[in-house]
Structure formats: C-alpha cells, structure tokens
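Subject: Structure for your review

Dear colleague,

Please find below the structure that I am handing over to you. My findings follow it, arranged by topic.

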Amino acid sequence: MIETLALSKMYGRGIYALKDVSVRIDKGEFVFLTGASGAGKSTFLRLLLRQEIPTDGLVKVGGRNLAKLTLRQVQSYRRTVGFVFQDFKLIPGRTVMENVALVPRVLGETSVQQQRRTYQVLKWVGLQHRMNAYPMELSGGEQQRVAIARALINEPSLVLADEPTGNLDPDLSLEIMNLFRDINARGTTVVVATHDRELIGRVGRRTLTLDHGRVT
Amino acid sequence: MHALRYCLDEAFRTLRRKPGTTLLSMLTIAVAALVLGGFLTVTVNLDRVLARWSSTAEVSVYLRDDISPDQRVALNQLLTSEPVVASRTFVSKADALGRFARDFPDLAAGLDAGAENPLPASIEVRLQPRAVEGSAAEALAQQLRRAPGVADVRYDRTWLTRLAAIVSGLRWAGWLLGAVLIVAAVLTVSTVVRLTLYTRRDEIEVMQLMGAPMGLLRGPLVTEGILHGGGGGLLALALLWMIYATVRPQLAGLLSVVGQPELVTFLPSAAAAALVAGGMVLGGLGGWLAARQVR
C-alpha cells in the first residue's frame, strides 16, 4: 500500500526532517509512527498526503509515485485518503452534520445522499444524536470523533492521523484508538503518528520509530 | 451548475456573517462607481447639449444691398455644392425688419417708418451637426467672406469649441479620478475577501486535504467579490438617481431659459447596466486577487 525508498526531505540548507527513510506498509495494516517532537512524524504524513514533495527518494501509495501526480491527480488521490488532525480543525460556525458533509457537498452529492452518508458515519462513531450541535458544544473526545467521521465520509482506503489524541485525556485517547482499530478492522490501512508510547503499548500494533529524521 | 450554486451559497453565507466588512467593501465600490457614474451623467448631458446646439449652428451671410443677380446665383451655387451645409434660408431686408420689430418691439418703435430699412438681407446657413467639430465649417465661412456681394459673415463657434473642451476635460477627469478610486476599491475588496480567506483557512485546508477541486476553493471568494461589486454598483446607481432627482429641477429650470429643459436626463439604461456590471467585474477582480492565495 505504502512504500518509501531512501525518502528524504530537507528544509533550508542541510536541515533534514527525514533522511533515507525506506519503509513498507501493507494494505490493511495498522502502523504507529512514533518519535520525539521534531523527529519527522508530521513530515512523513505530509509526504504521504502529497502536501510536500520529497527532496530525494521515492514515496509510492497504491503503486502511484506521489511526486509525479498532477494537481488534478493529487485532488483525486486525496479523495481516497482520510486525514485526522490533532486540533480537530472543525468549522465552528457549522453543525456537526455540516462539518462531516463538507466534502460530499463540495463534490456535488445531492442533499439526500449527503444526509444518508453523514448519518451513517456519525452513527458509526456514536454521535448521530449530536448531528445538529455545533463543535463548541461538544467535548474534546466528541470533537475528535466528528473529525474522524469527516475523514471517513469518503470511505478512504488509507487513514492518516497526526497526534489524534494529543489534546485528549488517557481514557478518551484509548476510546479514539479503539475507533481507529475498528476502522482498520474494516480493511482500511491506518497510520497514526503519536509520541504517546504508553498508548501504543496498550493498542499493540507495529511501530515505526523516527529519530532525527531516520527510522531506528 | 452545482459549482455555481455552491459558490453562491458560500458567498451569501459569508455576506450574512460579516455584514460590517461587507458594507465597507460595497461602499468603496459604490464611491468609485458613483464618481464614475456622476461624471458619466454630466458628460452625457453636456454631450446632448453640445449635439443639440451644434445641430442648430448657423453661418449668417449678410449681403450687400447692391449685390447683383449673378453674384447671388454664384453664392447659391457655392452653398449648394458644400456638403457641410444642411439647409439655408433667405431672409430679405423686409423679413429682417419684421423679425427685429417682433423680437425688440421697444427698439423697433424708434425706427423712422419713412426712413430706409437699415437691416441687410441675409442667408442663414444651417450646418450638418458634426460640421462644427472639424475645420470644414470655418473654411466655408472664410470662402463666403471672400465671395463678391457679401457684406459680412458671422460664424461664432468659439463658445461651442469651449463647451466641447469642457466636456472632454470632464470626461478625462472622470476617468482619471475613477481609475484611482477603482484601484482603491479593488484593493479594499481584495482585503475584505482576504479576511474571509483568513477566517475560513481551516475549512479551506480541510477541503484541500480531502481533494476538493481548486475551483470550488477559490470560487466562493471570487463570487463574494462579485456580490460586493454588484451591491456597490447598485448602491451607486441608487445614490446617483437620488442626486439626479434632487438636482434635475434646478438644471431644467436653467435650461428652460433657452427653451430646452428636456435636455437634462439620467444615465442611459445601457450605461447604468454597465456601471453595475463594472462594479461586479471590479469586485470579482478583488476576490480573484485574494483567492490566488489559495494554492
């Protein structure tokens, strides 16, 4: 599913965020990406989402060399990927339903289709009863579940999460991780970047550790 | 169709959420459009006055009392062959006296009824409307002055030339001032739309990462600018109409002195539509400048 070969990303002169990273993540796998702050976790995810282009090396997802994609192909590729942020990035002025339905709406789905899919995915994360609430009326855990629902609305084959539990307490963190496990159980490849080693231990999946831009 | 509807929905949503900055943006467009529209209204009216008065421009050819029949025929042939001549009327000495008595009865009363008529016969030559703008009319006047049997030729176009220069000057001043205000308006709209971009940055980032097409990311911002521009243009038109309605009675009163109060008009409908459309184009340009930051 994901393959990187001697992947490097340099910012500025000689400052490497990633250096010679060669990893392989199979389809349907759940992988933790860990390391201290500045180890290169976020850069790795940004490269997988084609927000960045490698300085050297290769990054392939589903057989596609991401560096070679045109803008239109990048847009099309991203519709197959779900992304979850640490700070949720929910739109304050929109309801839970509007937040989750954002992309189907942009992509031209009818209201009925949007409502049906949004309801299904909110039900899956257990928030169908809060669909008319605004983000500020939700707890941190609920907000992250809404963000996960939004990432899942396109039924992606790959879900990337950057410190998704960084703003949550341990119990809520485990709850969110269980959601990612459920997502993975449906066959979706999941890559979660976190520095929370205790949480990784409790979930127990393959872990890639980054240290100063290199896989250790 | 879906894209258009999405862009309109999002733009109207922003307009509703930010009435203050929206109004500011519309006002700057309105000021630019009002200045342009104001100058346009003034020049359109002055153009009409100029055209009307140009069309009535005449060359008065005063004949010597001793003009011979051959000289009269030659004069008529000259006037017939000139393309700048629209029509001509012969005014005999008796007709001239009659007019004088009608227009200035007090003065005419002083004329000795038994004395010889002091007024000369003349030919009133009406020119083609566009003739006053070129040199052909002046050339004809010169030719007539040299013609045998002609005592004098009156062709005073100085005031018409001056009016034409004023109209031209006003038009340029309008465009110049308008251009400055247009730049200011576009920059203001761009700044206001950029505020939208700033407040929606998370939403736009999420949409980008989920593969939303660029057109739908930038479209609402450009549409917002177009709505600001259209609103500003309509506002300007309304203000212009109010100013026109206030000023018209005075101007019409002024022009009624010369018997042409109907010369004062509002902007032609095509120009009014162009003013609103122009506002929309300017607003769209401002929105597009802001939207270019979405990459």
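Helix H5 of chain A, residues 111–124, has 14 residues and reaches 20 Å from its first C-alpha to its last, close to the 20 Å expected at 1.5 Å a residue. Please bear in mind that this is a predicted model. Four residues of H5(A) are worth marking: A:Gln114, A:Thr118, A:Val121 and A:Leu122 are buried. They lie on the same side of H5(A), because they cover an arc of only 100 degrees around the axis. The partners against which the buried residues of H5(A) pack are helix H3 (96–100), H4 and helix H6 (140–152) of chain A. After H5(A) comes A:Gly126, with a positive phi near 80 degrees.

The surroundings of H5(A) lead on to the nonpolar cores. The largest of these holds 65 residues, of which A:Leu48, A:Val100, A:Ala149 and A:Leu160 touch the most other members. H6(A) provides the largest share of this core, six residues. Leaving aside residues up to four places away in sequence, A:Ala149 touches A:Val100, A:Val121, A:Leu122, A:Val125 and A:Leu127. Two of these contacts, A:Val121 and A:Leu122, are among the buried residues of H5(A). There is also a second, separate core of 35 residues, which includes B:Ala11, B:Leu36, B:Leu240 and B:Leu267.

Chain A also contains an open sheet of six strands with mixed pairing, in the order S6-S7-S8-S3-S9-S10. Strand S6 (81–84) and strand S10 (214–215) of chain A stand at the edges; each has a single partner strand, so one side of each is left without a neighbour in the sheet. Within the sheet, strand S3 (residues 30–34) and strand S8 (residues 189–193) of chain A run parallel and are joined by four bridges. In this pairing, A:Phe32 stands opposite A:Val192 in S8(A). As general background, the strands of a sheet pair through backbone hydrogen bonds, either parallel or antiparallel.

Two residues of chain A deserve a separate look for their backbone angles. A:Ala6, found in strand S1 (residues 2–11) of chain A, has a phi near 45 degrees, a positive value in a residue other than glycine. A:Ala6 counts as exposed because 12 other C-beta atoms lie within 10 Å. A:Asp20 is likewise not a glycine, yet has a positive phi of about 50 degrees; its place is in strand S2 (residues 15–25) of chain A. With 15 C-beta neighbours inside 10 Å, A:Asp20 is partly exposed.

As to the contact between the two chains, 15 residues come from chain A and 15 residues from chain B. On the side of chain A that touches chain B, helix H2 (71–78) and helix H4 (102–106) each supply at least two residues. H2(A) gives the most to this side, with four residues. By type, the residues on this side of chain A are seven nonpolar, five polar and three charged.

One residue of chain B completes the account. B:Val264 is located in the loop between helix H9 (214–256) and helix H10 (269–291) of chain B. Is B:Val264 buried or exposed? It counts as buried, because it has 21 C-beta neighbours inside 10 Å and 20 or more are required. B:Val264 is also 9.3 Å from B:Val44 in space, C-alpha to C-alpha, although the two are 220 residues apart in sequence.

With kind regards

Conventions. Residues numbered from 1 in each chain as written. Chains lettered and ligands numbered in written order. Predicted model: local features only at pLDDT ≥ 70, side-chain atom pairs only at ≥ 80, totals over all residues. Contact = placed C-beta atoms within 7 Å. Nonpolar A, V, L, I, M, F, W, Y, C, P; charged D, E, K, R; others polar. Expected span 1.5 Å × (residues − 1). Arc of directions from axis to C-beta. Core = buried A, V, L, I, M, F, W, Y, C linked by C-beta atoms within 7 Å. Pairing = 2+ DSSP bridges.
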